[in-house]
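This report walks through one model, from chain-level totals to single helices. Keep the structure open alongside the text.

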Amino acid sequence: MKGSRKMEPITFDDSAKAFILETFDKEVDSEGYIVEKNNPKQKVLTRHGEEIKLEDFAGIVKGSEVFVKSDLVSLIELADALKR
Amino acid sequence: MEGLKKLLSGLFKIDLSRLKKLGINIFSNNQIDISKKIENNVFNLNISGLTPEDAKKVQGEIIKAFVKQETPVLLKESKDLLEDIEAANKEQSNQETLEYFEDKIPLADVPILRAALYIRHVYRRGGSVEKLKQDIAFRYGQRGRIIANLCTAGYFEDVFQPMYEQMVRAGGFSLDEFRDRYNVLVTQSPQAIFVNRWDSVESLKGEILKKIEINKKYKVGYLALHGRGRNNVNKILELLRDADIQKQIVGDPEIDSKADFIAAKIRF
């Protein structure tokens, strides 16, 4: 994620979450978890190994597609990571 | 993002190349006609107005920006929160507190303190912190919630820092001893009670009397009661009038109170 902070992020609203997930070949399963489109049994994980529900999805940053959750602690960690 | 700007320029017949710091925000709303709008230097793209072919082109450019330029792709409200966190991190008082404690408190508490300092930053400007506290509690449990409360109430600067410096001055000091005392205060928070909406006056009375007893044993001569919201303020005022509690305290309580907030300190 080095260098990411220099780039203005592309942002999206809640209404475009599905579009963004589709962009990265992901979708949402019947329980609301984000999964791989070509392997729906494989749930997408954060860097801490947490599964992510659509409602908690906050975006993706570089580093082998690191998925980010929208809670305070995850965003503080992201702020630290983007500083490096 | 230049590729995406170029694509959007072509699709909407508008020259975006001159706008160097243009942001792009993506939304979907088929109830409105506007498929694009530049506001506050952000190009708002309504994807519901795109043909499937053009949507695929947009997705392709997003991937290119992500892969080649490491452009983050973030939920707008999370991006706003991220920027607010970064601004709070730069505040001198927050930096000083974090730098002071990062080699003194247990390592596992350092990220909790960082999050707690942000919550305090929001609290002090009158913002809502309940969801943020829930986020801390979800990741770090009750300990996280207690540290957040203690931080907001100024305990790190007003209690833990003087405690550390007093221990250093007293001689024979060890960091483990400080951490032991710090842990007692954090796990039991004996010097503070934070009144929540689900606390009954009876249970709070019991907690107050118990903490007075513990604090007397450790020669800590005060207890602070904190509450937000009119109901919690009224609970604390009722408790301060309680005969059993009044028997224990010395002098008049120090009260800092507004309609929806109270901090009361009782001595014994």
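In chain A, residues 24 or more positions apart account for 29% of the contacts (heavy atoms within 4.5 Å) with a separation of 6 or more. This is a predicted model: local features need pLDDT of at least 70, side-chain atom pairs count only at pLDDT 80 or more, and totals for chains, interfaces and linings use all residues. Residues are numbered from 1 along each chain as written, chains are lettered from A and ligands numbered from 1 in the order written, and side-chain values use heavy atoms, without hydrogens or water.

Chain A has 2 helices and 6 strands, in the order β-α-β-β-β-β-β-α. Helices (H or I, at least four residues) and strands (E, at least two) are DSSP runs, numbered from the N terminus. Of its 84 residues, 50% count as buried. Buried means under 20% relative accessible area, exposed over 50%, partly exposed in between (1.4 Å probe, protein chains only).

Strands 3 (residues 34-36) and 4 (residues 39-43) of chain A pair in the antiparallel sense over 2 bridges; pairing requires at least two DSSP bridges. A hairpin joins them through 2 residues. Val35(A) has Lys43(A) as its bridge partner.

Helix 2 (residues 72-83) of chain A is largely enclosed by the rest of the structure, because 11 of its 12 residues are buried. Among them are Leu72(A), Glu77(A) and Asp80(A). The cover includes strands 5 and 6 of chain A, and strand 4, helix 3, helix 5 and helix 6 of chain B. At the helix start, a side-chain oxygen of Asp71(A) comes within 3.2 Å of the backbone nitrogen of Val73(A). At 1.5 Å a residue the helix should span 16 Å, and its end C-alpha atoms are 17 Å apart, which agrees. The expected span is 1.5 Å times one less than the number of residues.

Two nonpolar cores follow. Each is a set of buried Ala, Val, Leu, Ile, Met, Phe, Trp, Tyr and Cys residues joined through side-chain atoms within 4.5 Å.

| Core | Residues | Members include |
|---|---|---|
| Largest | 53 residues | Leu72(A), Leu150(B), Phe156(B), Phe160(B) |
| Another, apart from it | 33 residues | Phe67(A), Leu4(B), Leu8(B), Val73(B) |

Helix 5 (residues 110-124) of chain B gives the most to the largest core, with 9 residues. Beyond its neighbours within four places in sequence, Phe160(B) contacts residues including Phe101(B), Leu150(B) and Tyr182(B).

Phe101(B) is also one of the buried residues of helix 4 (residues 92-101) of chain B, with Asn94(B), Thr97(B), Leu98(B) and Tyr100(B). On the other side of this helix, Gln92(B) and Glu99(B) are exposed.

Methods
A polar contact is a pair of N or O atoms within 3.5 Å; within protein, one must be able to donate a hydrogen and the other to accept it, and residues adjacent in sequence count only if both atoms are side-chain atoms.
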